[in-house]
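User: Could you walk me through this model and justify the labels as you go? I'd like the cut-offs spelled out.

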Amino acid sequence: MRLAILILEDEPPVREALRRDLAVFARLVRIEAAEDAETAREVIEEIRAAGDRLALVLADHRLPGTSGVDVLIALRADEDTRAARQVLVTGQADQDDTIRAINDAGLDRYVAKPWSPDALRALVREQLTEYVLANRLDPLPHLAALDAERALALVRERGDL
Amino acid sequence: MTSLPSQPHVRLTPPTPAQVLGLVTGPLAFALALWIEIPDLGPAGQRMLAIFLLAILLWVTEAIPLYATAVLVILLEVLMLSDQALIGGLVDPPSAASWFATLANPVIILFLGGFLIADGAHKFGLDRNLAAVMLRPFAGSARRSVLGLMLITAFLSMFVSNTATAATMFAVVIPILAALPAGAARTGVALAIPVAANVGGIGTPVGSPPNAIALGALEAQGQGLSFVGWMALAMPLMLVVLFFAWWFLTRRYVPKGLPLALRLTAEFDRSPAAVLFYLIAGATVLLWLTEPFHGIASSTVGFIPVVALLATQVMSGEDLRRLQWPVLWLVAGGIALGAGIGQSGLDAWLIGLVDWERLPLGLLLLLLVAIALGLSTVISNSATANLLVPLALSLAIGLPIDPTAVGVMVALACSLAMALPISTPPNAVAYATGEVPTRAMVLSGLAIGGFGALLLAFLMPRVWGALGLL
């Protein structure tokens, strides 16, 4: 089982920039991209079918058709994707959308464009760690993608079985 | 609706082929042992044989969690071998309460104290601060630093579980790894931690569950060992294997003259709660080490910090809840299994199966150590000890050797198994860092574990005898 990150972004250059900045994670977790709500659903279905787990969604707000915030709200309502950590990566979400993302989707983090690559990587590491801790997954298969100190706290509790 | 309903979502995973095998063969062997007529084995022995076979198959295949098998053993002993057995026909059966009492066996109480102190040491940052202070003299070259890391890891592991020690030390070491050139040096440092954690666990009775299982079984035979008594038997081997491991790992992986700056800051917690904790933990360890002078059993001493830490509210009910109960229950299951094999007469019957006297004692001990090492390389050290300690102790009845030596040997051999990522949790952590290729772990595990096993089988009984320890 691998952890999966979904990048939901309609502009190809931005999508690629996100992928590039997260390239260090590519060996450790599954990174998928989608340009709209429809493709996102398909990608999530693929992730599930492969036995992997959607751990983190990095979503733009402005998408063709359904907005990024609406996708996040729908993901939170769905039993299978409810646990995924949600980050809005956006330059132009207005106040109402932001409020909806926080109140209705339980948004975990907000990243303003343009982002700092280092800060983004740190945030992804932190959010993946949150996901593993909250779902009490075995952190060891994913250790290199996580905040080692916090992840190892889960291992410590296991004892010498 | 920010507060989403957070129902516990238990996902039942489908069993692996090995687990299916255990689920099928376990009950089958259980039923067969009860059904077949076995000469020279009374009804109690036959029932115990069924339980033992079931336990072997479930522990080896991990068809159900290890601790579930442990409580199953206790339940079956109550249902089949106690005064409340569903089917009678037993001569003077033990009370059901005595089987349940294995869950609070003195050795379990000893571990309870050990666990609470270990958890407290982490809660107040004592483990990390001690590591920082003890590492200072070793700063400079990478080879020296590895020696320091290994000695500290082993020292912590004598009192804290191997897994928790490895978790603490890797939290310290992972940032250090990044400062080393990629490749061999990182592998060496990352391997040093699990090796030292595994080896350090043999040092004291509370260091690792196999020690408790052996102690519990020996105590049931009236061959109890004091805390320092165990240390005297185990620490010489621990230190020799540790230095050998350092020599092996540094010669092989860490280039001479490679600099490594370990700058760890120690900030000891000076809050009243922390100071109280230091006092209580220190006093407990002191009492453990001075048992020959005051005569208070180590398990009784182990219960003192439980009372003192809870009464002073230095540790809370929450800390109590977070203790590693699965480990305690796994050990209890092993003690119950050992007691059952001894009380039902199954031990005498098992020994009668083979003409042991025709095998030379040295070969027999080597075989015992090899089986323990091999089995615990692929399954849990504690489960291995649960299965082998009672067998080895029954075997010792007919041998010209002190049963204590045999029990301790099996327990120590279980801790020397570290050739695979699955061998021990510390190995799994090292592997997870991505710096240790499986090949390197196999090689170091075979070399270090093999070296320790040979010493254990051939040299240690003589050393113990020569020192007058047994």
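Analyst: What follows is a run through one strand, the chain contact, some salt bridges and a few backbone oddities. This is a predicted model, where local features need pLDDT of at least 70, side-chain atom pairs count only at pLDDT 80 or more, and totals for chains, interfaces and linings use all residues. Residues are numbered from 1 along each chain as its sequence is written, chains are lettered from A and ligands numbered from 1 in the order in which they are written, and side-chain values use heavy atoms, with hydrogens and water left out.

User: What makes strand β3 of chain A largely enclosed?

Analyst: Seven of the seven residues of β3(A), residues 53-59, are buried, so the rest of the structure largely encloses this strand. Buried means under 20% relative accessible area, exposed over 50%, and partly exposed in between (1.4 Å probe, protein chains only). Strands (E, at least two residues) and helices (H or I, at least four) are DSSP runs, numbered from the N terminus.

User: How do you know that β3(A) pairs with strand β1 of chain A, and what joins β3(A) to strand β4 of chain A?

Analyst: Pairing asks for at least two bridges found by DSSP between two strands. β1(A), residues 3-8, and β3(A) have six bridges in the parallel sense, so by that rule they pair. One of the partnerships is L3(A) with R53(A). β4(A), residues 85-90, runs parallel to β3(A) and is joined to it by four bridges; there V57(A) stands opposite Q86(A). Between β3(A) and β4(A) the chain passes through helix α3(A), residues 68-77, in a right-handed β-α-β crossover. Right-handed here means that, with the strands pointing away from the viewer, the path from the first strand over the helix to the second runs clockwise.

User: Which residues and how much area make up the contact between chain B and chain A?

Analyst: Chain B brings 35 residues and chain A brings 20, with contact meaning heavy atoms within 4.5 Å. The two chains bury about 2,300 Å² between them, 60% of it on carbon and sulfur atoms. That area is the accessible area (1.4 Å probe) that the two parts lose on being put together, summed over both.

User: Why is D127(B) with R156(A) called a salt bridge?

Analyst: The term needs a side-chain nitrogen of Lys or Arg within 4 Å of a carboxyl oxygen of Asp or Glu. The closest N and O atoms of D127(B) and R156(A) are 3.6 Å apart, so the pair passes that cut-off. The count between chain B and chain A is three salt bridges. On the chain B side, helices α3, α6, α8, α16 and α21 each supply at least two residues. The largest share, eight residues, comes from α8(B).

User: What makes A167(B) buried, and which residues does A167(B) touch?

Analyst: A167(B) has a relative accessible area of 3%, so "buried" is the right label. A167(B) sits in helix α8 of chain B and touches L152(A) and R156(A), leaving out residues up to four places away in sequence.

User: How do you know that K123(B) and D319(B) form a salt bridge, and is each residue buried or exposed?

Analyst: Their side chains come to 2.6 Å, N to O. K123(B) is in helix α5(B) and D319(B) in helix α15(B), 196 residues apart, so this pair links distant parts of the chain. At 41%, K123(B) is partly exposed, while D319(B), at 12%, is buried.

User: What about D21(A) and R20(A): which distance and which labels apply?

Analyst: That salt bridge has an N to O distance of 3.8 Å. D21(A) counts as buried at 8% relative accessibility, and R20(A) counts as exposed at 57%. Over all chains, the structure holds 23 salt bridges.

User: What makes R136(A) and the bond from K113(A) to P114(A) worth a look?

Analyst: Most residues other than glycine have a negative phi, and most peptide bonds are trans. R136(A) is not a glycine, yet its phi is positive, about 50°. R136(A) lies in the loop between α5 and α6 of chain A and is exposed at 55%. The peptide bond from K113(A) to P114(A) is cis, with omega near -5°. K113(A) also belongs to a network of salt bridges with E9(A) and D60(A).
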